[in-house]
Amino acid sequence: MPRFIDTSPPGQCIFCRLIAGEIPAAMVYEDAQTLAFMDIGQVNPGHVLVASRRHAATLLDLTPDEAAAAMRTAHRVAQAVQAAFDPPGLTLLQANGREGDQTVFHFHLHVVPRHADDGIALSWPRKDPAREVLQGYAAQLRQALARLS
Ligand SMILES: [Zn+2]
C-alpha cells in the first residue's frame with residue numbers, strides 16, 4: 001500500500017486541488033460525478049484512480065448515485081485498461097479509513113492492471129468461523145439493512 005498520507009482539510013485535499021486544476025494530472029476520463037486519472041505511483045503501467053468529483057472522504061460518504069457512478073466509471077476504465085495494456089489480470093481496490101489503508105481521504109478506487117509476480121500482495125488471514133457464527137453475522141446485517149430502508 002502507498003505510504004503517502006494526505007492530511008489536508010476537506011475541500012483542500014490533494015484530489016480536490018487536482019479536480020480544481022491546481023495540481024496537474026494525467027486525466028483519462030471525466031463525467032458529471034467522477035474523474036479518472038493516472039495514479040502517480042503506477043504500481044503497474046496503466047494504474048488509474050477513479051475519484052468522486054464532490055469531496056467525500058469515504059465510500060460511506062457517497063450518495064448511492066455517486067457510488068454507482070464510481071463503479072460505472074471503474075468498469076469503463078477497466079475495459080480501456082484491458083484494451084490498451086492487455087494485462088492478464090486486473091484488481092479493483094477501494095480503501096476506507098486509516099485502518100482500511102486509505103491514504104488520501106477523498107473517495108477513490110484503484111483500477112490496477114495485474115501481472116504474475118508483480119509484487120502486489122494482500123494478506124487474507126481466514127478465520128473460518130463456525131456456521132452458527134456466520135448465521136449470527138448475517139442476522140446482524142439483515143437487521144442493519146432493515147433499519148436503513
Ligand atoms: Zn477532496
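**Helices, salt bridges and a surface patch**

Asp 118 is buried, with a relative accessible area of 18%. In this predicted model, Asp 118 also has a charged partner: a salt bridge joins it to Arg 114, and the closest N and O atoms are 2.7 Å apart. Such pairing is a general feature of proteins, as side chains of opposite charge can pair when their charged atoms come close.

The count of salt bridges comes to five. Among them is the pair of Glu 30 and Arg 53, whose closest N and O atoms are 3.1 Å apart. Glu 30 belongs to strand β1 and Arg 53 to the loop between β3 and α2, so this pair ties together parts that are 23 residues apart in sequence. Glu 30 is partly exposed, at 45% relative accessible area, and Arg 53 is likewise partly exposed, at 29%. Another salt bridge links Arg 126 with Asp 128, with 2.7 Å between the closest N and O atoms; here both residues are exposed.

Helix α2 covers residues 64–85. Its 22 residues should span 32 Å at 1.5 Å a residue, and the end C-alpha atoms are 31 Å apart, which agrees. The buried residues of α2 are Glu 66, Ala 69, Ala 70, Thr 73, Ala 74, Val 77, Ala 78 and Val 81. A helical pattern helps in reading such a list: an α-helix has 3.6 residues a turn, so residues three or four places apart point the same way. The buried residues of α2 pack against five strands, namely β1 (27–30), β2 (34–38), β3 (48–52), β4 (89–93) and β5 (108–114). Just after α2 comes Asp 86, which has a positive phi, near 50 degrees.

Helix α2 also contributes to the surface. Met 71, found in this helix, is partly exposed, with a relative accessible area of 44%. Together with Leu 90 and Leu 92, Met 71 makes a nonpolar surface patch of about 240 Å².

Helix α3 (residues 131–148) has 18 residues, for which a span of 26 Å is expected at 1.5 Å a residue; the end C-alpha atoms are 26 Å apart, in agreement. The number of buried residues in α3 is zero, so this helix lies largely in the open.

Finally, the cysteines may be considered. Cys 13 is buried at 2% relative accessibility, and Cys 16 is buried as well, at 13%. A disulfide is a covalent bond between the sulfur atoms of two cysteines. In this model the count of disulfides comes to zero.

Terms used: Residues are numbered from 1 along each chain as its sequence is written. This is a predicted model: local features need pLDDT of at least 70, side-chain atom pairs count only at pLDDT 80 or more; totals for chains, interfaces and linings use all residues. Side-chain values use heavy atoms; hydrogens and water are left out. Patches are made of residues with over 30% relative accessible area and no salt bridge: like charges are joined within 9 Å, nonpolar side chains (Val, Leu, Ile, Met, Phe, Trp, Tyr) within 5 Å. Accessible areas come from the Shrake-Rupley method with a 1.4 Å probe; for residues, only the protein chains shown count as cover. A salt bridge is a side-chain nitrogen of Lys or Arg within 4 Å of a carboxyl oxygen of Asp or Glu. Helices (H or I, at least four residues) and strands (E, at least two) are DSSP runs, numbered from the N terminus. Buried means under 20% relative accessible area, exposed over 50%, partly exposed in between (1.4 Å probe, protein chains only). The expected span of a helix is 1.5 Å times one less than its number of residues. A disulfide is a pair of cysteine sulfur atoms within 2.5 Å. Contact means heavy atoms within 4.5 Å.
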